[in-house]
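Hi,

Here is the structure I promised to pass on to you. Have a look at it first, and then read on for what turned up.

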Amino acid sequence: MKRLIVNADDFGRSTGVNLGIVRAQREGIVTSTTVLATAAIDAEQLAALRDSGLGVGIHVNLTLGRPLSGGRSLVDSNGRFVRDANHAAARADARDVEREVNAQIEKFAYLMRREPTHLDTHHHVGLLAPVTGVVLDAARRLGVAVRSQNETARARALTAGLRTPDHFFGESGPEAYWSLARTLAHLRALPSGVSEFMAHPGWCDDALSYSRYGRQRETEMIGLGTSAARAAASSLGITLCHFGEL
């Protein structure tokens with residue numbers, strides 16, 4: 001059997017991203033999203049997310065904006081997270097990471113009124129020590145699944161007794177990853193088991209004007225958030241699901 005999770009990262013990043021993710025689920029193949037609990041999210045958009053039928057996890061964030069906790073090792077002289085994931089992880093004290101991850105979990109529960117389906121991390125900071133251990137421990141405590149971007153991450157998750165997909169696809173760079181052509185090609189070549197497509201659909205608004213991955217999100221709206229992708233998945237016998245259904 002071929003099962004597919006299409007996870008839209010970054011819910012909370014901007015109004016355009018939030019509205020785009022919900023629409024991409026309604027009209028396309030997005031099945032899951034992860035919330036930036038550190039962001040200020042409009043109440044109406046939160047309500048739409050709660051009612052959408054999407055699986056909703058936490059996009060653990062240590063590299064964008066400001067922390068919910070007061071961990072000094074996590075911030076620069078302006079009190080903001082260090083944007084580079086490698087630098088952020090290298091200077092982070094594990095105790096500060098644990099306090100911040102717990103604060104984001106508590107904020108998520110307050111916002112969503114339910115437990116997350118899974119955990120993943122912004123800018124893949126969860127691949128780096130000491131963040132890896134903290135995130136895996138939190139997932140084990142919550143009893144939820146995690147993302148695995150590569151075989152090393154997958155082995156760590158399975159060793160920790162956590163649910164995780166068998167395969168991972170996706171990237172964000174100068175060009176949009178999930179063009180319609182690439183989506184259709186990946187669907188046709190999808191391996192057996194559970195796969196995750198990491199995606200970043202959304203509408204590029206003023207809040208994303210500075211972003212290196214702003215306009216690319218609109219291309220991903222076409223690649224993942226339209227009926228062409230949904231029809232292709234259906235015709236290929238692919239079962240769409242989210243992390244909570246693993």
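A good place to start is V35, which stands opposite I58 in β3. Please keep in mind that this is a predicted model. The strand that pairs with β3 here is β2 (residues 32-35); the two run parallel and are joined by four bridges. Strand β3 itself covers residues 55-60, and six of its six residues are buried, so the rest of the structure largely encloses it. As a reminder when you look at the side chains: in a regular strand they alternate between the two faces of the sheet.

Now to the chain as a whole. The protein chain holds nine helices and eight strands. Its radius of gyration is 17 Å, close to the 18 Å that the globule rule gives for 246 residues, so the chain is as compact as a globular protein of that length. Along the principal axes, its C-alpha atoms fill a box of roughly 50 × 45 × 35 Å.

On the inside, 55% of the 246 residues count as buried, with under 20% relative accessible area as the cut-off. Contacts reach across the sequence too: of those between residues at least 6 apart, 69% join residues at least 24 apart.

As for the surface, about 10700 Å² of the protein chain is exposed, and carbon and sulfur atoms supply 51% of that area. The chain carries 28 positive and 26 negative charges, and the mean positions of the two sets are 1 Å apart.

Happy browsing, and best wishes!

Notes:
Residues are numbered from 1 along each chain as its sequence is written. This is a predicted model: local features need pLDDT of at least 70, side-chain atom pairs count only at pLDDT 80 or more; totals for chains, interfaces and linings use all residues. Side-chain values use heavy atoms; hydrogens and water are left out. The radius of gyration is taken over C-alpha atoms; the globule rule is 2.2 Å times the number of residues to the power 0.38. Buried means under 20% relative accessible area, exposed over 50%, partly exposed in between (1.4 Å probe, protein chains only). Contact means heavy atoms within 4.5 Å. Accessible areas come from the Shrake-Rupley method with a 1.4 Å probe; for residues, only the protein chains shown count as cover. Lys and Arg count as positive and Asp and Glu as negative; His and the chain ends are not counted. The place of a charge is taken as NZ of Lys, CZ of Arg, CG of Asp or CD of Glu. Two strands pair if DSSP finds at least two bridges between them.
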